[in-house]
Amino acid sequence: MFSTQGMRFRGGDAVLAAGLVMVAVQLVWKYGLVSRTYFRQDDFMFIARGLENPLSWDYLMRIDFGHLMPGAFAIQWAMGRLGVYNDVLAHTVTISLQAAAGLALLRLLRVLFGTRPAILVPLGFALLTPMTVPGLSWWAVVAETLPFQIALPMALASHVHYTRTGRFRHALAAAAWTVLGMVFFVKAPFIPVLALVLTVGWLGGAGALRRLWRGWLLYLAVLVPYAVVFFRQLFTSVQLTNETFSPELPSAEVALKSAWTLLTGSLIPTSLGGPWRWQPIGEDYALAATPPALMWVSGLAAVAAVAVSVWWRRRAWLAWATLLGYFLLADVVPIMLGRVEVLGPDLSGFELRYISSTAVLVTVVIGLAFIPVEGEQRPWLRPAPRFTWWWVPVALAFAASSVWSVAAYADRPLGRNVKSYVTTGAQALARVPAGTVVLDTHVPENVAFAAFFYDYARHSKVLGSTAPHLITWTERLAGPVPDPLIFDPRGRLRPVRVDGVTVPSKDSCTPVGEQEVIFRLPAPIAPGEHTVQISYLNGAPTMLNVRLGLAHSTVPAGKDLGRTFAPITGGGTELAVRAIGAGSCVGEIRIGTPVPSDTGAPVPPQPLAG
């Protein structure tokens with residue numbers, strides 16, 4: 001395998017130096033990707049929630065669709081107060097956490113296997129695998145999973161020290177790292193389970209379990225309170241749908257297809273340098289799109305790797321079984337209880353952020369399946385092969401494949417266009433006067449999906465916090481609103497124009513009194529929500545009652561020349577208007593949807609670069 005029984009390598013300092021160089025090189029490589037990303041989708045909702053709430057228990061402990069992550073919520077709370085959308089800070093935090101995760105994994109490999117050249121192979125896998133790349137391009141995923149990718153190897157390394165020395169301070173350290181992981185990621189409770197498997201399989205077996213009983217009681221004392229808090233919050237936290245969580249498993253067909261796709265289309269191919277091809281989700285994200293032929297090839301390669309390791313390496317089967325069990329319990333089950341029915345098995349099965357943190361465990365399993373643990377007796381089932389450099393072409397092929405896949409992922413705008421929209425919108429709000437009325441529409445779908453985030457996808461939530469002064473936001477125009485503005489598709493503010501059916505004014509305005517005046521529409525209006533814009537010339541303020549079909553809306557109309565807006569839900573072939581109080585003289589009428597005016601001057605004149 002990677003080494004032979006009884007061999008000891010000199011030059012541990014050189015191995016450590018090589019590992020540190022590898023971590024540093026991958027940081028430079030990945031920063032090229034990270035620096036091109038921007039906030040997206042959930043990020044805007046999380047930052048808006050952080051700005052709306054104090055740093056309280058209720059805010060931090062709210063479970064968001066199955067995820068308990070007070071640490072990530074605390075980071076989002078701080079981000080909102082450190083520049084709102086400070087992408088430079090986000091990139092710095094991302095790369096810093098990535099560096100810490102790489103160093104933590106290097107420490108675990110050295111502690112578990114010794115400082116031998118063989119550990120550079122699984123380390124190289126962790127640093128290169130495309131499994132983690134989509135997660136690095138999404139700030140919400142970074143804030144949730146990267147701390148866990150630090151906590152997991154640090155906790156296991158401390159536990160290895162505990163099993164070898166019996167010093168309780170190492171158990172305390174392992175428990176503390178586990179708690180840190182729990183603060184950020186819902187999969188952290190599996191850390192003590194992984195420690196248990198390590199102990200049974202490679203660190204002393206049943207004897208170590210009995211000897212280290214105090215440590216296991218400590219781990220249990222960490223898990224039980226977490227479980228109590230988690231399940232209490234799970235069933236009481238109000239989701240964006242204004243409902244509490246109600247567990248509902250998908251159909252067996254959907255569950256099996258989703259799990260199989262996640263395994264054969266995501267986990268296995270990315271463990272071998274895939275997926276080689278991506279399915280874009282907007283411009284700033286992509287799902288794995290492993291070609292069917294390569295799914296079969298990677299599956300056969302994985303079976304061969306497992307078979308070889310089980311043939312030569314004692315307890316390699318336990319390593320692979322641990323990975324499979326973790327995949328099913330930590331990766332698949334949360335998806336089954338979450339959004340699989342909404343997303344579907346194909347979308348959820350090719351979503352790499354669901355397995356990005358599993359790359360750490362895959363790294364450890366590769367080591368356990370091929371490298372003797374430090375001090376392990378009789379690690380091989382058969383004499384180790386004489387040719388110990390067989391892994392070199394495999395590693396080179398994996399590296400080339402990974403670089404190809406990551407380059408293919410990076411070959412898209414990433415966050416450029418979303419950043420342009422947000423920075424342009426922030427500049428627009430800064431340039432208009434305080435108190436300006438802005439129609440609070442939903443942002444474009446490439447910024448935040450309204451179908452997922454509801455009101456948190458509105459401009460007031462996404463951009464309102466960037467305004468240096470008061471902005472008057474309104475979801476529907478009602479009454480004589482002075483010069484309302486609306487965002488155009490590029491993030492600029494423009495005057496509002498009601499797009500739809502127009503009833504042109506006559507040579508002079510039409511007098512309207514207490515009796516309805518009927519205006520025949522040039523085209524029927526389909527039932528739905530509409531905005532009616534009425535131009536008027538009044539001698540005194542009055543109220544106008546507007547009827548469309550059977551629906552009515554009453555709005556004020558001011559003195560002199562002006563226009564008023566009436567929101568109404570209805571449809572038909574005619575519009576009726578009457579005055580309540582003083583009479584009115586009605587000019588042009590528009591019925592339709594408020595949109596940005598093509599002729600109005602945009603603010604700012606040109607979109608800002610992303």
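Buried means under 20% relative accessible area, exposed means over 50%, and partly exposed means in between, with a 1.4 Å probe and protein chains only. This is a predicted model, in which local features need pLDDT of at least 70 and side-chain atom pairs count only at pLDDT 80 or more, while totals for chains, interfaces and linings use all residues. Residues are numbered from 1 along each chain as its sequence is written, and side-chain values use heavy atoms, with hydrogens and water left out.

**Exercise 1. Place Arg 490 in the fold, state its exposure class, and identify what it touches.**

Step 1. Helices (H or I, at least four residues) and strands (E, at least two) are DSSP runs, numbered from the N terminus. In these terms, Arg 490 sits in the loop between strand E5 (485-487) and E6.

Step 2. The relative accessible area of Arg 490 is 48%, so this residue is partly exposed.

Step 3. With contact taken as heavy atoms within 4.5 Å, and not counting residues up to four places away in sequence, Arg 490 touches Tyr 421, Thr 424 and Pro 607. Of these partners, Pro 607 is 117 residues away from Arg 490 in sequence, yet the C-alpha to C-alpha distance is 6.5 Å.

**Exercise 2. Describe the disulfide of this structure, its geometry and the parts of the chain that it links.**

Step 1. A disulfide is a pair of cysteine sulfur atoms within 2.5 Å, and the structure holds one. Its partners are Cys 509 and Cys 585, whose sulfur atoms are 1.8 Å apart.

Step 2. The torsion about the S-S bond of Cys 509 and Cys 585 is about 100°, and the disulfide is therefore right-handed.

Step 3. The pair links distant parts of the chain, 76 residues apart, with Cys 509 in the loop between strand E6 (493-503) and strand E7 (510-512), and Cys 585 in strand E12 (residues 584-596).

Step 4. The two cysteines are then classed by accessibility: Cys 509, at a relative accessible area of 25%, is partly exposed, whereas Cys 585, at 14%, is buried.

**Exercise 3. Work out which strands are joined to E12 by bridges, and how they run.**

Step 1. Two strands pair if DSSP finds at least two bridges between them. E6 and E12 run antiparallel and are joined by eight bridges; within E12, Pro 594 stands opposite Val 498.

Step 2. E7 and E12 also run antiparallel, with three bridges between them, and Val 512 stands opposite Ser 584 in E12.

Step 3. Strand E8 (residues 517-538) is joined to E12 by six bridges, again in an antiparallel arrangement, and Ile 534 has Ile 589 in E12 as its bridge partner.

Step 4. E12 is mostly covered, since ten of its 13 residues are buried.

**Exercise 4. Characterise the largest cavity by its volume, its lining and the helices that supply the lining.**

Step 1. On a 1 Å grid over the protein atoms alone, a cavity is a set of points where a 1.4 Å probe fits but cannot get out, and lining residues have an atom within 4 Å of a point. Grid points are joined across faces, edges and corners, and a volume is the space filled by probe spheres set on the points. By this rule there are six cavities of 30 Å³ or more, and the largest cavity holds about 110 Å³ of space.

Step 2. Helix H5 (87-113), helix H6 (120-128) and helix H17 (358-370) each supply at least two lining residues of the largest cavity, and H5 gives the largest share, four residues. The lining includes Lys 30, Gln 98, Leu 127 and Val 360.

Step 3. Sorted by class, the lining of the largest cavity has six nonpolar, four polar and one charged residues.

Step 4. Seven of the nine residues of H6 are buried, among them Phe 125 and Ala 126. The cover over the buried residues of H6 includes helix H1 (12-34), H5, helix H13 (252-271), H17 and helix H18 (391-410).

**Exercise 5. Locate the cis peptide bond of Pro 275 and the positive phi of Arg 378.**

Step 1. Gly 274 and Pro 275 are joined by a cis peptide bond with omega of about 15°, and Pro 275 lies in the loop between H13 and strand E1 (278-280).

Step 2. Arg 378, a residue other than glycine, has a positive phi near 50°. Arg 378 is in the loop between H17 and H18, and counts as exposed at 55% relative accessibility.

Conventions:
On a 1 Å grid over the protein atoms alone, a cavity is a set of points where a 1.4 Å probe fits but cannot get out, and a pocket is an open set with protein on both sides within 12 Å along at least five of seven lines; lining residues have an atom within 4 Å of a point. Ala, Val, Leu, Ile, Met, Phe, Trp, Tyr, Cys and Pro count as nonpolar, Asp, Glu, Lys and Arg as charged, and the others, Gly among them, as polar.
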